[in-house]
Amino acid sequence: MNVTATAPCEWLIDNADAYTALLGAIDSALHTIWIMQLAFDADCIAYDDESSTRSVIVDALAAAAQDRGVQVRVLLNESRLLDTARPLRRFFAAAGIGGIVVRGVDHWPQLLHAKMLIVDRETAFLIGSPFVNGYWDDDSHAPSDARRPMRELGGRPLHDLSMRLGGRQVRDLEHLFADLWNVAGPRDLSADVVVATETDSSAAAASDAMRIITTVPKGLLSEEPGGRTDILPACIDAIAGAHRLIYIEHQYLSAAVIVNALAGALERAPDLEIIVVLNQNPDVTAYRKWQSTRLKDAGLLNHPRVGLFSLWTSTRTDNYSPTVLSQIFVHSKLLLVDDECAIAGSSNMDGVSLLSYGEDFEGRLGRWVFDGVRNVDVAVVLDGSVDFDCRTSITDLRRRLWSEHLGSAFDAESGQRPRDGWLALWRRVAARNAKTLNEGDPAGRVLCYSTRATPVQQLKEIGIEDVTTLDVRFKPSWMEVNFSPNWIRNMFS
């Protein structure tokens, strides 16, 4: 699908589809490929299930640069906290691959968390995942898959969301890339990029039904020494305008300001339902406590109009084998309101993506030490209240996601809301799935959220009486639950 005037964006659900689209764009590039990423491993592979092929992303970039003379620019992190620029730079040098320039952002302790790719200054992708092998998955979300190494997420299946954009949004993303690229190192003025200034006023651009919003830390860009915090007010405004439905699927939900805004929306709108899909075991373990504490303090854990859910996947090879079960790691970052507004991109609902990492801490020391610390993030806002095509795109996204999560229980064709509401449907599906697993059989994806520490404890809390009858593949140790060793290893390796 090409992005046209009547299709404001193309939603790419799960990374098998996203990587196929990205590689297609790279292979057809004629002039420029600009990439911004959190991490980019030289051995990152994209698999195509339909053709049973595998493609190394750096090979596609090398072919573009060396065979077609495409200008390839890759912007990564290059700091004490995370350095993915130097290893990739060394790889290209050792392989004798020219025409690809890699720069790194070093702005301690903030990270470049935004992920995007711009091709020929015409097409842009907002990418959900880093280019790291543990993040690949397709929509089958098999509990175990050799194509997903154990390193990053304990081998868990992964759900993510990317999108392809065109039009003025590409110009906005170009400006963001150029601003960051031209202050990154190692600096060689001949490799700087220049983007023409748009004639449209910022006020006109901000009124568009589709716009790019960003978070940028203080002191990174000389033209904006105070940085940017556009994503937070966009989320707050969207939540404040909700009347019927707020749907969230996010890697983290630890920002108190967002959780409190959700609680306030419930008080203002008596017919509002909130459905949230979250990780019970985030990759940064502090987030599990923060997330559960915020939800409890705001009264959302047991609110009658709030449903908190997690995603699981299960299968069985034959009637004599136990059901194999695993959590699905939710990596998407989506806020969807009333089928009229959608905000999606790289920004988590935590302090470091929205305003200040210090906001996530309860103690004075943590709040003081990390005050003002925030990453570089980017998101897109679709406003369906003023544009029919955006509204159609938002509704289509929700239906596609719910079809994947709820299975046959959700009628995506009619899209009719049940008489007792969307939340009642999700609760019925979760209860049915728990009952099926309790009988030892494979079940659907959705289960109720639990604040317990381990997957086994979570399953028991939602009614799985004998977890030993199931082959639970993701079983983190005490160390993994409490100290995030995989995340720490990845950051400093």
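How does the chain's radius of gyration of 22 Å agree with that of a compact globule of 493 residues? Good morning, and let me begin with that point. For 493 residues, a compact globule would have a radius of gyration near 23 Å, and the chain has 22 Å, so the two agree. Please keep in mind throughout that this is a predicted model.

Let me stay with the chain as a whole for a moment. Along its principal axes, the C-alpha trace spans about 65 × 50 × 50 Å. Of the 493 residues, 58% count as buried. The chain exposes about 20,100 Å², and carbon and sulfur atoms supply 51% of that area. If we take contacts between residues at least 6 apart in sequence, 74% of them join residues at least 24 apart. As for charge, there are 49 positive and 65 negative charges, and their mean positions are 5 Å apart. The secondary structure comes to 15 helices and 22 strands.

From those strands I have chosen one to examine, namely β20, which covers residues 377-383. Is this strand largely enclosed or largely open? Six of its seven residues are buried, so β20 is largely enclosed by the rest of the structure. Which strands pair with β20? One of them is β11, residues 210-216, which pairs with β20 in the antiparallel sense over six bridges. Within this pairing, Thr214 has Val378 of β20 as its bridge partner. Another is β19, residues 341-345, which is joined to β20 by five bridges and also runs antiparallel to it. Here Ala342 has Leu382 of β20 as its bridge partner. As a general point for anyone looking at such strands, side chains in a regular strand alternate between the two faces of the sheet.

I now turn to the loops and their backbone geometry. Where do we find cis peptide bonds? One joins Trp108 and Pro109, with omega about -5°. Pro109 belongs to the loop between β6, residues 100-105, and β7, residues 116-119. Another cis peptide bond joins Gly185 and Pro186, again with omega about -5°. Pro186 lies in the loop between α4, residues 168-181, and α5, residues 202-206.

Two aspartates also deserve attention. Asp120 has a phi near 55°, which is a positive value in a residue other than glycine. Its place is the loop between β7 and β8, the latter being residues 123-126. Is Asp120 buried or exposed? The relative accessible area of Asp120 is 15%, and the cut-off for buried is under 20%, so Asp120 is buried. Asp339 likewise has a positive phi, near 55°. This residue sits in the loop between β18, residues 333-337, and β19, the strand that we met as a partner of β20. With a relative accessible area of 10%, Asp339 is buried.

Finally, let us consider a residue in a helix. Glu480 is found in α14, which covers residues 478-483. Because its relative accessible area is 28%, Glu480 counts as partly exposed. How far is the C-alpha atom of Glu480 from that of Ala25? The two residues are 455 apart along the chain, and their C-alpha atoms are separated by 38 Å.

To close, I return to the opening question: the chain's radius of gyration of 22 Å agrees with the value near 23 Å for a compact globule of 493 residues. Thank you for your attention.

Key. Residues numbered from 1 in each chain as written. Predicted model: local features only at pLDDT ≥ 70, side-chain atom pairs only at ≥ 80, totals over all residues. Heavy atoms only, no water. Buried < 20%, exposed > 50% of the residue type's maximum accessible area, 1.4 Å probe, protein only. Helix = DSSP H or I, 4+ residues; strand = E, 2+ residues; numbered from the N terminus. Pairing = 2+ DSSP bridges. Rg over C-alpha atoms; globule rule 2.2 N^0.38 Å. Contact = heavy atoms within 4.5 Å. Areas by Shrake-Rupley, 256 points an atom, 1.4 Å probe, with all protein chains shown as cover. Lys, Arg positive; Asp, Glu negative; His and termini not counted. Charge placed at Lys NZ, Arg CZ, Asp CG, Glu CD.
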